[in-house]
Amino acid sequence: MGKVVLRCYGCGCELQNSNPNVTGYTPKLIEGNSVIFCQRCFRLQHYGINNDENVSTPKFDQILAKAIKKKNLILYVVDLFNIEGSIIKEAHKYIKDNPVLVLANKRDILPKLIDDNKLREFVYQRLKSEGVKPLDIIIVSAYKNYNLDEIYLACRTLRNKGDIYIIGASSVGKSSFLNSFMKSYKNETRNVISTSPYPGTTVSTITIPIDNKSYIHDTPGVLVKDSFYGLLEKSAIKYVIPRTEIRPKSFQLNSKQAVFIGGLAKIEIIDGSKCGYTFYVSNDVELHRCKLENTNVSFDSLVSRAKIRPTSVIVRSSEDLISHEFVLPEDKSVDIVISGLGWVATKGKGQKIIVKAPKGINVIIRDSEI
């Protein structure tokens, strides 16, 4: 009989009790049916503590190669709040010819008045532009158990008795979804997969039996590096990732005005007629309006004294921000997107604007999401 490999129920790592500095460490190994968490996941579950800064994960392409070999169903989880930061471009070449069901998660974060059909169409068009044409898109909330029945029925039909692979960027809510899904339909255990507000909780593929011949595979979250999720330290990211329904904040802005988005980014109106700008960011992110002529002095003062929330080690002053210049289209509703931080909705009137964000952050203008 081969060696029995014990794995952490939280993150999927092989358990070991020899080196506390290596993933999968637990002080005591217990064989049998007992559920064991590694020390890292135990601290996450009970205290919300995550001290890992660098966690190695299996190669994503190798995981997907197994999934597509037998045309297994791919559950592609994206974040409705952070679409740009949850699109895994490196995965698309593998999954474009595979059956794909998209779960657009975190519906509870967006305002209730938004129409689900509009969100579904937006996600479809965005993925279509990346060459991915899913079989279906389901708007979901893992936190609120929203549309879990629809997911269950779709999976039962589309998987064709095969396995299911769940993929997604870090912090899109894959593990939270799977916890809710398994509690609702496999209510045989109180055990849960580790979740936290920090990226990179699941560090190895977790395999859960569906029946005697097929499995659900929860894969490690992929860190999208051009999003704030991939750059911010934990003390800052807890402010940026929304935990409750967003309360949009609107400003009527004239030319030569600016708005600070926490101590992390700015939007400057260089030229154009007075217009409304609605900010969709976490409720914990503070906004500050000022005159353009005072923008650098005001921003640097607020950041240096930590008088605006959040601040980060990657932005010490205005000099740490890179400029992105745009001329907005005429008579068209658009979003000004700062990946991982949120977006600003406005009506394009040919305004000239400058968005300032840390180096490496994806900043784009897109068609309006809502």
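## Reading salt bridges in a predicted model

Mentor: Let's open with one contact in this predicted model: the side chains of lysine 112 and glutamate 245 form a salt bridge, at 2.5 Å from N to O. Lysine 112 sits in the loop between β2 and α4, while glutamate 245 belongs to the loop between α7 (234–240) and β7 (249–253), so 133 residues separate these distant parts of the chain.

Trainee: Are the two partners buried or exposed?

Mentor: The cut-offs help here: over 50% relative accessible area means exposed, and under 20% means buried. Lysine 112 is therefore exposed at 67%, and glutamate 245 is partly exposed at 27%.

Trainee: Which residues are joined into one network by salt bridges that share partners?

Mentor: Those are Glu84, Lys89, Arg126, Glu130, Asp335, Arg366 and Glu369. Take one pair from it: the side chains of lysine 89 and glutamate 130 meet at 4.0 Å, N to O. Lysine 89 is in helix α3 (residues 89–95) and glutamate 130 in the loop between α4 and β3 (136–139), so their bridge ties together parts 41 residues apart in sequence. Lysine 89 counts as exposed at 53%, and glutamate 130 as partly exposed at 22%.

Trainee: How many salt bridges does the structure hold?

Mentor: There are 15. Another of them pairs the side chains of aspartate 79 and lysine 106, at 3.1 Å from N to O. Aspartate 79 is in strand β1 (residues 73–79), and lysine 106 is in the loop between β2 (100–105) and α4 (116–128), 27 residues apart.

Trainee: Why do aspartate 79 and lysine 106 count as buried?

Mentor: Because aspartate 79 has a relative accessibility of 1% and lysine 106 has 14%, with the cut-off for buried being under 20%.

Terms used: Residues numbered from 1 in each chain as written. Predicted model: local features only at pLDDT ≥ 70, side-chain atom pairs only at ≥ 80, totals over all residues. Heavy atoms only, no water. Helix = DSSP H or I, 4+ residues; strand = E, 2+ residues; numbered from the N terminus. Buried < 20%, exposed > 50% of the residue type's maximum accessible area, 1.4 Å probe, protein only.
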